[in-house]
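Me: I would like to go through this model in questions and answers, with the cut-offs behind each term spelled out. Please start as soon as the structure is on screen.

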Amino acid sequence: MAAGSDLSLLKNKVAGARSLTVLTGAGISADSGVPTFRGADGLWRNFRAEDLATPEAFERDPRLVWEWYNWRRELITTKKPNPAHEAVVELERRFDRFWLITQNVDGLHRAAGSTKLSEIHGNIWMTRCTACHRISENHEVPIPILPTCADCRELLRPHIVWFGEALFAADLARCAEALERCDVLLVVGTSGLVYPAAGFASVAKEAGAFVAELNLEPTPQSGLMDLSLQGRAKELLPLLL
Ligand code: OAD
């Protein structure tokens with residue numbers, strides 16, 4: 001658990017900030033029971049990303065990819081936001097200038113009530129048409145395989161940014177703005193291994209922000225942080241309020 005003096009330093013930094021940005025990863029949803037990617041029971045320990053989360057995999061076997069997303073949708077639909085997601089909502093309420101950047105696709109930040117956010121890796125509850133590119137919300141569990149577009153009847157894909165795909169330009173622009181203008185960046189529950197998100201802490205730091213990491217364990221990013229707190233997101237984040 002984090003040292004008390006570090007916690008009070010961070011609490012003061014947050015209280016004194018005029019603009020706050022939060023970057024989250026799978027660790028914030030781990031406290032809701034959603035598996036992470038690289039932990040002991042992480043998804044990438046049991047499944048090969050190349051078979052399931054690339055455009056090539058979808059082209060090769062869309063049924064297999066949809067079955068995997070169906071399984072994840074079934075799992076996530078039973079989970080609820082936890083006190084860490086709720087603390088992020090409260091931070092949004094307290095700051096005029098606030099932005100949440102999440103790598104999570106589970107939708108739990110939205111379910112908790114976050115509204116100022118970029119879901120940079122997409123959202124598992126959204127589909128995108130492979131032909132007309134229409135994006136739609138879809139909460140069917142299970143989703144009929146293979147799902148087709150209500151407009152043009154072509155194949156739908158999950159609205160997820162897969163390995164080898166670029167982030168959406170509009171998301172990147174909004175993130176750059178939030179990282180460059182913030183006084184404090186909180187980096188919560190991410191291993192800091194997947195770019196471009198893994199580079200966001202250094203962008204904010206170079207722009208002059210105080211950058212703090214809240215994670216169960218040290219990460220490759222810990223060295224560049226102004227402060228690195230170890231503990232569970234659901235315990236640490238509410239302490240900052
Ligand atoms: P990872 O699974 O790589 O890392 C999760 C991090 O959360 C680890 O550093 C854990 O130590 C930490 N953690 C676990 N439980 C925690 C808790 N209760 N409180 C705080 N921290 C905790 O997940 P991400 O960093 O989110 O991409 O992975 C980044 C991207 O890689 C994901 O968005 C996904 C994946 O491939 C796509 O799906 C495109």
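Me: How many charged residues are in the lining of the largest cavity?
Reply: This is a predicted model, in which local features need pLDDT of at least 70 and side-chain atom pairs count only at pLDDT 80 or more, while totals for chains, interfaces and linings use all residues. Residues are numbered from 1 along each chain as its sequence is written, and side-chain values use heavy atoms, with hydrogens and water left out. Ala, Val, Leu, Ile, Met, Phe, Trp, Tyr, Cys and Pro count as nonpolar, Asp, Glu, Lys and Arg as charged, and the others, Gly among them, as polar. The lining of the largest cavity has seven nonpolar and four polar residues, and the number of charged ones is no more than this: none.

Me: What volume does the largest cavity have?
Reply: A cavity is a set of points, on a 1 Å grid over the protein atoms alone, where a 1.4 Å probe fits but cannot get out, and lining residues have an atom within 4 Å of a point. Among the lining residues are Leu23, Gln103, Thr190 and Gln221. The structure holds one cavity of 30 Å³ or more. With grid points joined across faces, edges and corners, and volume taken as the space filled by probe spheres set on the points, the largest cavity comes to about 70 Å³.

Me: Which residues lie closest to the centre of the second largest pocket?
Reply: A pocket is an open set of points with protein on both sides within 12 Å along at least five of seven lines, and the second largest has a volume of about 220 Å³. Its lining of 14 residues divides into six nonpolar, four polar and four charged. Helix α8 (108-112) and strand β4 (122-129) each supply at least two of them, where helices (H or I, at least four residues) and strands (E, at least two) are DSSP runs numbered from the N terminus. Closest to the centre are Asp106, Gly107, Ala111, Trp125 and His139.

Me: Which helix gives the most to the shell around the ligand?
Reply: A residue counts as near the ligand if one of its heavy atoms lies within 4 Å of it, and of the 23 residues around the ligand, Phe37, Arg38, His121, Thr190 and Ser191 come nearest. The shell divides into nine nonpolar, 10 polar and four charged residues. The element that gives the most, with three residues, is helix α2 (residues 26-30).

Me: How much of the ligand does the protein bury?
Reply: Polar side-chain atoms of Trp44 and Glu217 each lie 2.8 Å from an oxygen atom of the ligand, and one of Asn215 lies 2.9 Å from an oxygen atom of the ligand. Taken alone the ligand exposes 800 Å², by the Shrake-Rupley method with a 1.4 Å probe, and the part of that area buried by the protein is 94%.

Me: What is the angle between the planes of Phe58 and Trp162?
Reply: The structure holds eight aromatic pairs, where rings of Phe, Tyr and Trp (its six-membered ring) pair if their centres lie within 6.5 Å, and planes under 30 degrees apart count as stacked, over 60 as edge-to-face and the rest as tilted. Phe58 and Trp162 form a tilted pair, 5.4 Å centre to centre, with an angle between the planes of 40°.

Me: Where does Pro196 lie, given the cis peptide bond that joins Tyr195 and Pro196?
Reply: Omega of the bond between Tyr195 and Pro196 is about 10°. The place of Pro196 is in the loop between β7 (184-188) and α10 (200-206).

How values were computed
A polar contact is a pair of N or O atoms within 3.5 Å; within protein, one must be able to donate a hydrogen and the other to accept it, and residues adjacent in sequence count only if both atoms are side-chain atoms.
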